[in-house]
Amino acid sequence: MAESSYATMANYPISVIGSQYCTPNQVDVVISRKVKTLRYGEFVVSDMNGNFVFKVKGTSFGWHDKRVILDAADNPLITLKQKMLTEHSRWNAFKGESTDNKDFLFTIKTASIFQLKTELAVFLANNNSKEKNCDYLIKGNWSDRSCVIYAGDSSAIVAQMHKKITAKSLLIGKDNFMVTMYPNIDQAFIVSLIVILDAINAVNNAAVIGAAAGLGVASGAGF
């Protein structure tokens with residue numbers, strides 16, 4: 001696993017959701033989804049001792065997809081809402097269960113309209129660059145669960161994810177992956193980025209499958 005220069009770069013907590021989610025030490029969590037029993041977009045996040053840290057509830061309303069991140073006591077921390085009719089896949093994040101502009105926290109979007117590998121740019125609410133300079137950048141390959149989150153457009157890693165496969169997880173049908181979060185980064189914020197990353201890739205995969213099915217119908221009609 002790559003070393004992070006972020007631990008030495010950030011000598012103070014980098015809080016987006018709350019300073020209580022920042023720790024001076026590196027933290028590993030496991031994000032799990034029961035493939036057959038939980039609705040898509042729903043996860044549980046636990047520490048290495050199996051204690052729940054966060055939960056994610058997936059809901060839909062109108063034309064919008066939505067995720068709500070809860071703490072271990074089921075208090076809503078962040079609402080993630082898909083923004084429709086945009087060139088780039090985009091999600092916005094808000095405090096608690098709100099979707100009001102006054103509670104806006106950050107936006108995340110695909111770095112380009114068409115991309116073979118994952119690349120998402122994150123812009124915090126106080127970013128005044130008109131989305132020219134991102135605050136965080138996510139790169140990697142979602143299908144391999146090997147994505148890295150960088151501080152801005154730099155080489156400083158704040159978190160990274162990798163696949164966690166065990167005999168038990170295969171037996172009970174769980175989709176498990178681990179996320180390593182480096183010191184002083186907001187862990188609730190990092191979880192929210194991973195949740196949006198999952199949602200965007202789910203939409204992209206559905207689009208690819210739909211396009212392939214359409215081509216199959218078209219080619220079949222030609223005979």
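**Exercise 1. Decide whether Lys109 counts as buried or exposed in this predicted model, and then identify its salt-bridge partner.**

Solution. Lys109 has a relative accessibility of 13% and therefore counts as buried, since buried means under 20% relative accessible area. The next step is to look for a partner of opposite charge, and Glu131 fills that role, with the closest N and O atoms of the salt bridge 3.1 Å apart. Placing the two residues in the fold, one finds Lys109 in strand β7 (residues 104-110) and Glu131 in the loop between β8 and β9, so that the pair links distant parts of the chain, 22 residues apart.

**Exercise 2. Work out which residues are linked with Glu131 in a network of salt bridges, and how the accessibility of Glu131 is classed.**

Solution. Begin with Arg90, whose side chain meets that of Glu131 in a salt bridge with an N to O distance of 2.8 Å. Arg90 belongs to strand β6 (residues 90-95), whereas Glu131 lies in the loop between β8 (118-124) and β9 (136-141), so this contact ties together parts that are 41 residues apart in sequence. Adding the bridge from Lys109 to Glu131, one arrives at a network of salt bridges that links Arg90, Lys109 and Glu131. As for accessibility, Glu131 stands at 30% and therefore counts as partly exposed, while Arg90, at 14%, counts as buried.

**Exercise 3. Locate Lys132 and determine whether it is buried or exposed.**

Solution. Lys132 is found in the loop between β8 and β9. Its relative accessibility is 69%, and because the cut-off for exposed is over 50%, Lys132 counts as exposed. To set this residue against another point of the chain, take Ala121: the two are 11 residues apart in sequence, and their C-alpha atoms are 9.9 Å apart in space.

**Exercise 4. State how many salt bridges the model contains, and describe the one formed by Arg67, including whether its residues are buried or exposed.**

Solution. The count comes to 5 salt bridges. In one of these, the side chain of Arg67 meets that of Asp65, with 3.2 Å from N to O. Turning to accessibility, both Arg67 and Asp65 are buried.

**Exercise 5. Describe the geometry of the aromatic pair formed by Phe106 and Phe189, and find which residues make up the ring cluster to which they belong.**

Solution. The structure holds 4 aromatic pairs, and among them is that of Phe106 and Phe189, with ring centres 5.1 Å apart and 85 degrees between the planes, an arrangement that is edge-to-face. Phe106 sits in strand β7 and Phe189 in helix α3 (residues 187-221), and the pair thus links distant parts of the chain, 83 residues apart. Both Phe106 and Phe189 are buried. Finally, ring pairs join Phe106, Tyr136 and Phe189 into a cluster.

**Exercise 6. Determine how strands β10 and β11 run relative to each other, and characterise the hairpin that they form.**

Solution. Strand β10 (residues 146-151) and strand β11 run antiparallel and are joined by 3 bridges. Within this arrangement, Ile149 stands opposite Ala159 in β11. The hairpin has 5 residues between the strands, and Gly152 takes a positive phi near 60 degrees there. Strand β11 (residues 157-163) is itself mostly covered, with 5 of its 7 residues buried.

Notes: Residues are numbered from 1 along each chain as its sequence is written. This is a predicted model: local features need pLDDT of at least 70, side-chain atom pairs count only at pLDDT 80 or more; totals for chains, interfaces and linings use all residues. Side-chain values use heavy atoms; hydrogens and water are left out. A salt bridge is a side-chain nitrogen of Lys or Arg within 4 Å of a carboxyl oxygen of Asp or Glu. Buried means under 20% relative accessible area, exposed over 50%, partly exposed in between (1.4 Å probe, protein chains only). Helices (H or I, at least four residues) and strands (E, at least two) are DSSP runs, numbered from the N terminus. Rings of Phe, Tyr and Trp (its six-membered ring) pair if their centres lie within 6.5 Å; planes under 30 degrees apart count as stacked, over 60 as edge-to-face and the rest as tilted. Two strands pair if DSSP finds at least two bridges between them.
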